[in-house]
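Thanks for making time this morning. I would like to walk you through one model, going from a single strand outwards to the way the chains meet, so please keep the view open while I talk.

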2 protein chains.
Amino acid sequence: MGEPMDSLVRLVEEDDAILREAVKDYTVADLADGWYELDDKQSLEVFLALNQEMRSELISELPSTDQQNLVVALSEQATRNLLEKMDPDDLVDLIQSVSPQVRTDVIGHLSEEARKEAEFLLRFDDDDAAGLMTTRYAAIRADLTAGQALAFLRRAPEELETIYYVYVVDGLQRLSGVVSLRQILFAADGKKIVEIMERNVVTVRDDTDQEETAKVLEDHGLIALPVVDRWNRLLGIVTFDDMIDVIREEQSEDVYRMSAIGGDAEEYLESSIPRLIKRRLPWLVLLLLAGTVTTNVLALYEDLIARFAFLALFIPVITQTGGNSGTQSSTLMIRGLATGHLHPDLIGKALVKEALTGLVIGLATGLVIFLRSILLPPGVHLVEAVALAVSLSSVVLFASLLGCVVPFIIDRFGGDPAVAAGPLMSTLIDVAGLSVYFEVSKILLS
Amino acid sequence: MGEPMDSLVRLVEEDDAILREAVKDYTVADLADGWYELDDKQSLEVFLALNQEMRSELISELPSTDQQNLVVALSEQATRNLLEKMDPDDLVDLIQSVSPQVRTDVIGHLSEEARKEAEFLLRFDDDDAAGLMTTRYAAIRADLTAGQALAFLRRAPEELETIYYVYVVDGLQRLSGVVSLRQILFAADGKKIVEIMERNVVTVRDDTDQEETAKVLEDHGLIALPVVDRWNRLLGIVTFDDMIDVIREEQSEDVYRMSAIGGDAEEYLESSIPRLIKRRLPWLVLLLLAGTVTTNVLALYEDLIARFAFLALFIPVITQTGGNSGTQSSTLMIRGLATGHLHPDLIGKALVKEALTGLVIGLATGLVIFLRSILLPPGVHLVEAVALAVSLSSVVLFASLLGCVVPFIIDRFGGDPAVAAGPLMSTLIDVAGLSVYFEVSKILLS
């Protein structure tokens, strides 16, 4: 964080002019990072001390509750000025995140043109490419010369999100090419755009999923990516900074799914308690019910446990180590499949690797538990330590293989490996691990 | 994937001209995605069918084993041409990923100028900002006019990574400002750069960690970010597309750490078996040894288990559900802290939220296990089911609280919550859960 917020807080009580001077040392990123430290009154004062441009930049970076508080607290004129300055895509995000009542208010404050723009963008699903796009792009006709295009760009409104790519459209708004500002600069003045433009434009359709959109932009190293409808008409562009947000968001969702948390990647403090319960309880109950299969497996050995109670002491060690080993291997597969470095038909290669890795890791952990259980309290007999070591080695190997196979299988059937690998796998690993442990113990102890 | 690879594979046997024509339908991203499907011979043939520009773009996208194979297989002249066309940052990555022998070869093939450039870049740590930068940026003096600057940019070499930001340096190469191409275009021809340039340039130091660098670029929505040394001399720039890779890489590392896998985010197929063992075994053994504390706890109840063997049947259910609930809550904290949405001083707020959520989830899972254990086989008595329900409810609540607190504490002491939360937390949860379970059972059963 660049500048600490508390020095600003002290100035809130002072003269407005002093505060207005002090905020000039802060960047929008500084303010957004530290905004949570301000109470409602302080945040309004600080916000009002900013110039119009910073206000509109800052508000798009704030969590939705803060956005809502500010919009409600601002005067009518201040809201109008704020909204007028905002980028259409940020404006639409704001409209979508505030309460229905505030929303009507916000839309009522827009100018005729801005309202039309917002209403156009609001028609699209906010998880699709079109939900992230802005309509403020530069478009020209193919028969302009490079010199004319440059003159056009020099007069272009400042609000354009980027002028580094210029899209070439026909009279029906259909996208026929793209030319970079760089190409225009390098071309001779009299050269026609149609001669220098790239005709194979990388585009996404309006209903392309946002994750796929981010991948296309990233694969082609683009600053901006045009969004077209099914008649190839240019609707808007998505830019790389919005895609970075998408990548982070999708990543959080992957992590959440692997940790048995459902729903979107919303911010923790913005999630209400009922919402948190709804995201967590169903998965926890599902895992719990799946996990009780172990109870039925253990019931088969109830007599054995009654006779040799010390066997029960190692149950958590077996299940946890098996689970950890399975998680290691499934995580490597899930990430590999998600990032595209692993492909479904490489399952054989991966399986061989996991078999050898699992064997070594299994033998090593078996040795560790053998030594631990005979050397340290509570201490067990040699034969029991052997049973333990054999079971642990087998369950670690088995878990590595299962952790490898299950994500591939789920991927093959079109499921999301990150969601499904958890409950299915851990139950299978526990059942297998405990069965081996008690079977081996039964043989060795009888 | 745009185009399937197998149609290319069929053409490898055909006339070279046909293959050269066919690859024109493929983008670099298509080829990189499908490259793993080609064997060594096929990949060389396809590579040779590409034009120089695509070759140099493609090779920077390939895994290091494929890079190495290609460099070894290409003729001396083809290697020379390839290296000449590559961006310096990609070239340095290539040099770092091939074997020492091939490395000497590659450096020997470089032109005098390219070798100096590469040697300059190779001095920096590849996890730092300077390790990701390119030296091909546009720099001008402050006393140029906008018109002169534009003329300079129009003649600038095509190799420049970007001309959309132009850096203003003095005679000692010290960075004094930045001006966007857009600002130059909007300015009157006679306007001096010094009058329109932004003096507060957002920069990173050469030894800034790559994750921090990505955050700075993202926070400010920049396409490129200048890297300076401690005398503020401009060394190079890092661009947004390299930062997207960093973001993905760092996220993979976070996921790996949470799954008890050490080391960098390397690709699975590139990791050798000894390397995989080294990344996984130490954590597994650490978790195993920590986990054996449960054995000592259970040893306290060995007599109880001997008398009431059915108590052992629910050990996995208690530990797994506690662990899952702790993981849910710690994951939310770890992600929140990592993305900056949660701040260290918000621990109180989070704790209240987790207490209430944990209470509801605990009671609900307690009810589920109560019903499950009396209604379904193996079936237990009412009093046992009560003991089970009480223990599970307590352990879920406890785990939610612990999962909340531990990441904050580790973060406070400067550690990485994702690494340390695992072993410490799961052991504490198991010990607490099993103690409650057996204590409650002891009271109710006696």
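Let me begin with strand β6 of chain A, where six of the six residues are buried, so that this strand is largely enclosed by the rest of the structure. I should say straight away that what you are looking at is a predicted model, and that everything I describe is computed from it.

What does β6(A) pair with? Its partner is β5(A), and the two run in the antiparallel sense over five bridges; one of the bridge partners you can pick out is L234(A) in β6(A), which is matched with V228(A). The two strands form a hairpin with five residues between them, and in that turn N232(A) has a positive phi of about 65°.

If we now step back to the sheet to which this hairpin belongs, we find an open sheet of three strands in chain A, in the order β4-β5-β6 and with mixed pairing. Residues 204-205 make up β4 and residues 234-239 make up β6, and these two strands of chain A stand at the edges, each with a single partner strand, so one side of each is left without a neighbour in the sheet. On the other side of the hairpin strand β5(A), which covers residues 224-228, the pairing with β4(A) is in the parallel sense and rests on two bridges. Here V228(A) appears again, as the bridge partner of R205(A).

Two helices of chain A go with this sheet. Helix α15, residues 210-219, lies across β4, β5 and β6 and runs at about 135° to β5(A), whereas helix α16, residues 240-258, packs on the sheet by touching β5 and β6, its direction making about 65° with that of β6(A).

Chain A also has an open sheet of three strands in the order β1-β2-β3, again with mixed pairing. Its edges are β1 (138-140) and β3 (175-180), each with a single partner strand, and so one side of each lacks a neighbour in the sheet. On average, neighbouring strands of this sheet are turned by 30° against each other, if direction is ignored. Between β1(A) and strand β2(A), residues 165-169, there are three bridges and the strands run parallel, with I140(A) standing opposite V168(A).

Turning to chain B, I would point you to helix α7, residues 76-85, in which T79(B), L82(B) and L83(B) are buried. Viewed down the axis of α7(B), the buried residues fall within an arc of 95°, so they line one face of the helix. And what do those residues pack against? They meet α5, α6, α8, α9 and α10 of chain B.

Finally, how are the two chains related? Chain B superposes on chain A by a rotation of 180° with 0.1 Å of shift along the axis, at an RMSD of 0.2 Å, and that is the relation of a two-fold axis. The same surface serves both copies, since 100% of the contact residues of chain B recur in chain A. Among the residues of chain B, A306(B) comes closest to the rotation axis, with its C-alpha at 2.5 Å.

The contact itself takes 90 residues from chain B and 91 residues from chain A. On the chain B side, helix α20, residues 315-339, gives the most, with 15 residues, and by class that side has 49 nonpolar, 26 polar and 15 charged residues.

Note on methods: Residues numbered from 1 in each chain as written. Chains lettered and ligands numbered in written order. Predicted model: local features only at pLDDT ≥ 70, side-chain atom pairs only at ≥ 80, totals over all residues. Contact = placed C-beta atoms within 7 Å. Helix = DSSP H or I, 4+ residues; strand = E, 2+ residues; numbered from the N terminus. Nonpolar A, V, L, I, M, F, W, Y, C, P; charged D, E, K, R; others polar. Least-squares fit on C-alpha atoms with pLDDT ≥ 70 in both. Buried ≥ 20, exposed ≤ 12 C-beta atoms within 10 Å, placed from the backbone. Arc of directions from axis to C-beta. Pairing = 2+ DSSP bridges. Axes fitted to C-alpha atoms, helices over the stretch in contact; angles between N-to-C directions.
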